[in-house]
Amino acid sequence: MPKARQASDLGRARKVMEETQHTLIVGDDATRFAARMGFTETSLTNVRSQTRWEEWAAKGEPTDAFNPEPFDKDELRGHDTVGTIALDAAGNLCVGCSTNGREFKIPGRVGDSPIPGAGAYGDQEVGGAVATGNGDVMMRFLPCYQVVELMRQGMPPDLACQAALKRITDRGYKFGGGIAAIGVDGQHGGAQAGWDDGGFSYSVRDASGNSKIWVSPQPTR
């Protein structure tokens, strides 16, 4: 588990977008860039994450990043991406995602969240999509980009999400993942793969209030 003190990922990403012509700045140079932009370095380590890492390190087990590709089953656990799509009354669209990160990853690994079209994607003329799940698999297919492009061609959000995930499962991957999307017309939908037992849902807030949309069977308690 890295102990380097880091600035806010989302804040840094916004500064890269607003202050430079670049798309990604990574590694130690990203930290230096953040300091140049006035960010204060903050530790992301907490008691729970420190304890989890110490327990894992004491076992002397290798990271699961060296496990075989998930063509038989997906054993990746303890990870998630939080995605948000905002569409205001004027039709302005904003898409973003953050992640708690995969545990015990190899130093230098980059996940799907910062890759345009993988963890999130938006087009002001079409709509946006966000994804969660096994990012190491999903980022190879840029599923959020595909969802938006399918919506551009007239496919409704739920079917576009299904098609993007099917493209991955058709290649033989057994993985857990979900996508939610919304068009600039306000139509929304989602789909999931590999989470049939636990279910997958997304939340919507509009003028009528909050609602939770299940795109797979709601788990029974």
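Leaving aside neighbours within four places in sequence, with which residues is K174 in contact? In the predicted model, K174 is found in the loop that runs between helix 6 (157-169) and strand 5, and, once those sequence neighbours are set aside, its contacts are with P70, F71, D72, K73 and D74. One of these residues, K73, is separated from K174 by 101 residues in sequence, yet the two C-alpha atoms are 5.1 Å apart in space. With a relative accessible area of 43%, K174 is partly exposed, because the partly exposed class covers values between 20% and 50%.

The overall architecture of the chain was considered next. The chain contains six helices and eight strands, and these follow one another from the N terminus in the order α-α-α-β-β-β-β-α-α-α-β-β-β-β. The radius of gyration is 18 Å, close to the 17 Å that the globule rule gives for 221 residues, so the chain is as compact as a globular protein of that length. Taken along the principal axes, the box filled by the C-alpha atoms is roughly 50 × 45 × 35 Å. Of the contacts between residues at least 6 apart in sequence, 55% join residues that are at least 24 apart. Buried residues account for 35% of the 221 residues, while the accessible surface comes to about 13500 Å², with 51% of that area belonging to carbon and sulfur atoms.

Empty space within the model was also examined. Rolling a probe the size of a water molecule over the atoms shows where such space is left. The second largest pocket holds about 710 Å³ of space, and its lining is made up of 27 residues, among which G83, I85, A180, Y202 and S203 lie nearest the centre of the pocket. Two or more lining residues are given by each of strand 1 (81-87), strand 4 (127-133), strand 5 (177-183) and strand 7 (201-206), and the largest share, seven residues, comes from strand 1. In terms of residue character, the lining of the second largest pocket divides into 14 nonpolar, ten polar and three charged residues.

Two residues in the loop between helix 4 (135-138) and helix 5 (143-152) were then examined, L142 and R140. Most residues other than glycine have a negative phi. L142, although not a glycine, has a positive phi of about 45°, and its relative accessible area of 31% makes this residue partly exposed. R140 likewise counts as partly exposed, at 43% relative accessibility, and, apart from neighbours within four places in sequence, R140 is in contact with E69 and Y173. The C-alpha atoms of R140 and K212 are 29 Å apart in space, with the two positions 72 residues apart in the count along the sequence.

Helix 5 itself contains V148, a residue with 0% relative accessibility that therefore counts as buried, since the buried class is defined as under 20% relative accessible area. Not counting residues up to four places away in sequence, V148 touches Y121, D123, V126, G127, G128 and A129. By contrast with these contacts, the C-alpha atoms of V148 and A30, which are 118 residues apart along the chain, are separated by 29 Å.

Notes: Residues are numbered from 1 along each chain as its sequence is written. This is a predicted model: local features need pLDDT of at least 70, side-chain atom pairs count only at pLDDT 80 or more; totals for chains, interfaces and linings use all residues. Side-chain values use heavy atoms; hydrogens and water are left out. On a 1 Å grid over the protein atoms alone, a cavity is a set of points where a 1.4 Å probe fits but cannot get out, and a pocket is an open set with protein on both sides within 12 Å along at least five of seven lines; lining residues have an atom within 4 Å of a point. Grid points are joined across faces, edges and corners, and a volume is the space filled by probe spheres set on the points. Helices (H or I, at least four residues) and strands (E, at least two) are DSSP runs, numbered from the N terminus. Ala, Val, Leu, Ile, Met, Phe, Trp, Tyr, Cys and Pro count as nonpolar, Asp, Glu, Lys and Arg as charged, and the others, Gly among them, as polar. The radius of gyration is taken over C-alpha atoms; the globule rule is 2.2 Å times the number of residues to the power 0.38. Buried means under 20% relative accessible area, exposed over 50%, partly exposed in between (1.4 Å probe, protein chains only). Contact means heavy atoms within 4.5 Å. Accessible areas come from the Shrake-Rupley method with a 1.4 Å probe; for residues, only the protein chains shown count as cover.
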